[in-house]
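Reader: I'd like to learn how to read a model like this one feature by feature. Could you walk me through it?

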Amino acid sequence: MKLGCCYYPEHWPEDIWADDARRMADMGLSQVRIGEFAWSRIEPDPGRFDWDWLDRAIATLGDAGLEIILGTPTATPPKWLVDSMPDMVAIDADGRPRGFGSRRHYCFSHPGYRAQCQRIVTALAERYGEHPAIVAWQTDNEYGCHDTIVSYSQAATAGFRRWLERKYGDISALNTAWGNVFWSMEYRSFDEVDPPNLTVTEPNPAHVLDYRRFASDEVVTFNKLQVDILRPASPGRDMIHNYMGFFTEFDHHDVGQDLDVASWDSYPLGFLEQFWFSDEEKLRYARQGHPDIAAFHHDLYRGCCAGGRWSVMEQQPGPVNWARYNPAPLPGMVRLWTMEAIAHGAELVSYFRWRQAAFAQEQMHAGLLRPDSGEAPAASEARQAAQDIEAIGDNRPTAKSVALLFSYEAAWLFDTQPQGASFRYLELVFDMYSALRQLGLNVDIISPRAALDGYGMIVAPSLPILDDQLITQIAAVDAPILFGPRSGSKTPDFAIPEALPPGPLQRLMPIKVSRVESLRPGLVEPIASHEISRWIEQIDAGTITAEARTDKGDGILFAHENIRYLGAWPDQAWMTNLFAKMAAEANITTRPLPRDLRLRQLGSLCFAFNYGTAALTLSDCLAGSADREFVLGSDLIGPAGLAAWVAD
Ligand code: GAL
């Protein structure tokens with residue numbers, strides 16, 4: 001459990017580096033990430049490397065006792081490189097090239113750019129692979145940031161055709177799989193297939209889904225290319241990539257196969273402002289972030305890397321520059337976010353950035369220091385968090401409790417065919433996650449391909465494509481399991497299953513979805529004192545009786561042995577009641593929480609986090625003994641405050 005920061009020695013005069021390094025160590029930081037955007041300084045002209053400054057920067061940081069995470073600079077190819085290969089840039093859906101002058105101006109599929117990446121990564125690996133101060137590598141930076149996963153370039157087109165050929169073997173198999181007889185879309189060879197953009201009306205959804213799968217695979221191989229160079233050249237160092245928030249454009253489980261640590265960049269206030277939260281939530285949590293935003297990603301990314309290792313590579317330290325509105329966190333929030341990550345098992349929380357830059361795109365983005373090197377408010381909170389980490393000592397990982405199954409492919413499928421403007425997969429998943437967290441439960445968000453044993457309860461908010469392997473796994477599980485709306489609603493080729501949804505799930509639960517509807521805002525179906533909005537299904541359940549019905553009498557929740565199918569999107573409070581019932585069946589203790597309070601168990605400790613602007617008294621909020629043995633805080637948790645105690 002370490003703290004760190006992101007540092008850009010190339011932004012600052014060399015005579016302040018040593019003081020910066022000393023101040024980092026004094027603040028309780030022990031790791032520092034550098035280098036990820038420094039290509040133009042490392043290689044100012046083609047083939048001419050300037051290592052001296054980076055040698056000295058690494059030495060200075062290392063001498064202060066800091067461990068270094070070195071980034072590969074492939075998110076920022078320099079101007080000379082782009083000019084030498086103008087077709088290396090990605091092409092957007094409207095057919096326009098993504099120009100030079102910011103970052104991420106490359107196409108994952110361009111073979112020439114891949115060769116350049118191999119060259120620069122090899123040079124870095126040879127120079128610093130065995131440097132004692134280097135403890136880890138970060139590949140590139142935030143794959144997909146600024147909408148850069150899907151490209152419609154010539155290189156991508158060529159790559160897609162080869163990918164299709166490998167998948168389908170011959171073109172008639174593709175025509176059948178996609179249903180290309182519809183609208184005379186049949187092809188005679190793979191070379192006739194273009195990317196699914198610039199069509200008159202919507203392209204064939206099967207075509208789009210394969211393009212998304214292809215684009216995701218391109219990220220996997222792009223990342224692997226770098227890892228394959230770094231691993232042998234830098235033995236014992238961790239391979240890391242920094243993922244983003246609320247981002248599903250590529251399969252993070254697949255990329256994670258090649259990493260040692262999945263990290264992510266946590267900007268709770270920016271995310272609250274930019275995503276689907278209501279105006280009421282945006283105001284209520286403007287300076288805290290919604291209580292489940294950070295935790296959701298901690299629990300998601302813990303499941304993205306084989307060993308479950310994860311960290312926060314960039315932690316918001318103050319106002320950011322990129323959201324529509326950029327307020328400052330409440331005093332205490334930076335410490336709270338830090339310790340919440342630790343409570344979810346993070347190995348590292350690293351603040352972005354050490355010092356606010358006075359120039360260029362991110363000059364309005366706070367750091368731990370102000371541009372004049374004075375401390376910004378986050379500095380003292382980082383110091384406090386360093387002391388908190390000491391105080392809690394070592395904690396063993398927590399036993400498994402609830403698994404939430406999350407599929408990137410499901411996100412692409414529903415993006416491609418939402419069928420209702422407000423049907424957003426990620427929001428459905430977040431809604432259910434939030435309902436679970438309001439019961440005080442520990443949640444692991446895992447891939448549908450992950451092992452399910454050991455979980456007391458399983459929730460699949462929606463898995464439209466159910467494969468045989470998952471059905472076999474489910475059949476072997478006794479734990480209560482819920483499948484949400486549209487589960488089993490598509491074949492892998494993006495068609496409606498022959499026996500209708502939920503498709504393969506019918507092997508375990510003989511029901512049939514005979515009609516689906518999406519509902520515009522305001523058009524709701526009352527259910528007891530709750531509401532179904534956005535989505536509702538009509539289900540033929542044969543002899544299975546409904547466990548819940550709308551006020552009109554239509555069954556929407558069916559249970560068969562340990563499996564439930566929910567054919568609707570009910571409100572969160574309704575979901576919380578259902579999850580409480582499932583938890584009771586599984587003998588899992590729930591603790592219904594006030595709106596602003598969240599709990600997390602880590603080993604022998606229980607943490608509480610107050611996302612509200614008013615103080616909370618734990619003994620009023622939680623059942624059980626009032627005299628807790630606190631290691632952090634006390635029974636009274638102030639606004640943006642936290643406590644941790646030895647769990648009963
Ligand atoms: C991240 C990115 C950083 C920086 C930061 C600003 O998305 O990785 O380089 O731009 O946002 O909040």
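Author: Let's start with the naming. Helices (H or I, at least four residues) and strands (E, at least two) are DSSP runs, numbered from the N terminus. With that in hand, Glu142 sits in the loop between strand S4 (134–138) and helix H6 (154–168). Keep in mind that this is a predicted model.

Reader: What is the phi of Glu142?

Author: The general idea is that most residues other than glycine have a negative phi, and most peptide bonds are trans. Glu142 goes the other way, with a positive phi of about 45° although it is not a glycine. Glu142 is also one of the residues around the ligand.

Reader: Okay, and which residues does a cis peptide bond join?

Author: Phe352 and Arg353, where omega is about 5°. Arg353 belongs to the loop between strand S8 (348–351) and helix H14 (377–392). Phe352 is among the residues around the ligand too. There's also a cis bond from Pro501 to Pro502, its omega near 0°. You'll find Pro502 in the loop between S12 and strand S13 (512–518).

Reader: Back to the ligand, then. Which residues are around it?

Author: Here's the list: Phe37, Arg103, Asn141, Glu142, Asp265, Tyr267, Glu314, Trp322, Phe352, Glu362 and His365. Sorted by class, that shell has 4 nonpolar, 2 polar and 5 charged residues.

Reader: How do I read the polar side chains there?

Author: Look at the distances to the ligand's oxygen atoms. Glu362 puts a polar side-chain atom 2.3 Å from an oxygen atom of the ligand. For His365 the corresponding distance to a ligand oxygen is 2.7 Å, and for Asn141 it is 2.9 Å. As for cover, the protein takes up 95% of the 310 Å² of accessible area that the ligand has on its own.

Reader: Now sheets. What should I look for, and in which order do the 7 strands run?

Author: Strands of a sheet pair through backbone hydrogen bonds, either parallel or antiparallel. In this case the 7 strands form an open sheet, ordered S10-S9-S11-S12-S18-S17-S16, with mixed pairing.

Reader: Why is one side of S10 and of S16 left without a neighbour in the sheet?

Author: Because strand S10 (443–446) and strand S16 (546–549) stand at the edges, and each has a single partner strand. On average, neighbouring strands of this sheet are turned by 20° against each other, direction ignored. At the S16 edge, S16 and strand S17 (residues 555–560) pair in the antiparallel sense over 3 bridges. For a residue-level view, Ala548 has Leu557 in S17 as its bridge partner.

Reader: Which helix lies across those strands?

Author: That's helix H18 (residues 572–585), which lies across strand S11 (457–460), strand S12 (481–483), S16, S17 and strand S18 (563–566). H18 runs at about 175° to S18.

Reader: And what is the order of the open sheet of 4 strands?

Author: S20-S21-S25-S23, and the pairing there is antiparallel. Strand S20 (597–602) and strand S23 (630–632) are at the edges with a single partner strand each, so one side of each has no neighbour in the sheet. Here neighbouring strands are turned by 25° against each other on average, direction ignored. S20 pairs with strand S21 (residues 605–610) in the antiparallel sense over 6 bridges, and Arg598 has Phe609 in S21 as its bridge partner. Helix H13 (residues 333–343) packs on the sheet, touching S20, S21, S23 and strand S25 (642–646). The direction of H13 makes about 150° with that of S21.

Note on methods
Residues are numbered from 1 along each chain as its sequence is written. This is a predicted model: local features need pLDDT of at least 70, side-chain atom pairs count only at pLDDT 80 or more; totals for chains, interfaces and linings use all residues. Side-chain values use heavy atoms; hydrogens and water are left out. Two strands pair if DSSP finds at least two bridges between them. Axes are lines fitted to C-alpha atoms, for helices over the stretch in contact, and angles run from 0 to 180 degrees between N-to-C directions. Contact means heavy atoms within 4.5 Å. A residue is near a molecule or strand if one of its heavy atoms lies within 4 Å of it. A polar contact is a pair of N or O atoms within 3.5 Å; within protein, one must be able to donate a hydrogen and the other to accept it, and residues adjacent in sequence count only if both atoms are side-chain atoms. Accessible areas come from the Shrake-Rupley method with a 1.4 Å probe; for residues, only the protein chains shown count as cover. Ala, Val, Leu, Ile, Met, Phe, Trp, Tyr, Cys and Pro count as nonpolar, Asp, Glu, Lys and Arg as charged, and the others, Gly among them, as polar.
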